[in-house]
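Here's a quick tour of one protein chain, put together for a first look. Keep the picture open while you read, and find each spot as it comes up.

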Amino acid sequence: MAAVYKAVITTADRFVPKALQPLWNHEAGPKTVFFWAPAFKWGLVIAGLGDLSRPAEKISLPQSCSLAATGIIWSRYSMAIIPKNYSLFSVNVFVAMTSCYQLYRAYQYQNSLKALPTSENKKSES
């Protein structure tokens, strides 16, 4: 697999314009996992934005908590490593933000249920 990767990169090297060479050859550039992992992680942000239309009672608290924690932890880590990975930082900030907003929506929903009289509360649970 490494041979295939090297062949693809060697071929692509010939087509990258001189103006883009610094980005292409950067320590966190497209030749490395440091570029592609954050690029694919934007899928989690897109999914989180799609979940904003999901009813609050259907929000998964464990999933939202783990995504928020992951986003916060990896945001910090991306600034501690060398080279600093701003792409990883930005995607994880957005993962944390979307997940924290989902947790807020779930919290607001739970509070609204507590505010209802007990008979209405039992109806909504069934």
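A helix here is a DSSP run of at least four residues marked H or I, and helices are numbered from the N terminus. With that in hand, you can place Ser-99 in helix 5. One thing to keep in mind: this is a predicted model.

**Ser-99, in helix 5**
- Is Ser-99 buried or exposed? Ser-99 counts as buried, because its relative accessibility is 5% and the cut-off for buried is under 20%.
- Leaving out residues up to four places away in sequence, Ser-99 touches Ser-64, Leu-67 and Ala-68.

**A nonpolar patch on the surface**
- Which residues make the nonpolar surface patch? They are Leu-49, Leu-52, Tyr-101, Tyr-104 and Tyr-107, and together they cover about 530 Å².
- Helix 5, which spans residues 86–115, gives the patch its largest share, with three residues.
- Leu-52 sits in the loop between helix 3 (33–50) and helix 4 (61–80).
- Leu-52 has 33% relative accessibility, so it counts as partly exposed; that label covers values between 20% and 50%.

**Glu-57, in the loop between helix 3 and helix 4**
- You'll find Glu-57 in the loop between helix 3 and helix 4.
- Glu-57 counts as partly exposed because its relative accessibility is 47%.
- How far apart are Glu-57 and Tyr-86 in space? Going C-alpha to C-alpha, they are 35 Å apart, with their positions 29 residues apart in sequence.

**Two domains and where they meet**
- The domain assignment splits the chain into domain 1 (1–30) and domain 2 (32–116).
- Take the C-alpha centres of domain 1 and domain 2, and you get a distance of 31 Å.
- How many residues are in contact across the two domains? Five residues of domain 1 are in contact with six residues of domain 2.
- People often give the size of an interface as the accessible area lost when the parts come together.
- Between domain 1 and domain 2, the buried area is about 520 Å², and carbon and sulfur atoms give 58% of that.
- On the domain 1 side, Glu-27, Ala-28 and Pro-30 supply 76% of the area buried against domain 2, which is more than any other three residues.
- Looking for salt bridges between domain 1 and domain 2? The count is zero.

Notes: Residues numbered from 1 in each chain as written. Predicted model: local features only at pLDDT ≥ 70, side-chain atom pairs only at ≥ 80, totals over all residues. Heavy atoms only, no water. Patch = residues over 30% accessible without salt bridge, like charges linked within 9 Å, V, L, I, M, F, W, Y side chains within 5 Å. Areas by Shrake-Rupley, 256 points an atom, 1.4 Å probe, with all protein chains shown as cover. Salt bridge = Lys/Arg side-chain N within 4 Å of Asp/Glu carboxyl O. Helix = DSSP H or I, 4+ residues; strand = E, 2+ residues; numbered from the N terminus. Buried < 20%, exposed > 50% of the residue type's maximum accessible area, 1.4 Å probe, protein only. Domains from an automatic or database assignment. Contact = heavy atoms within 4.5 Å. Buried area = accessible area lost by both parts, 1.4 Å probe.
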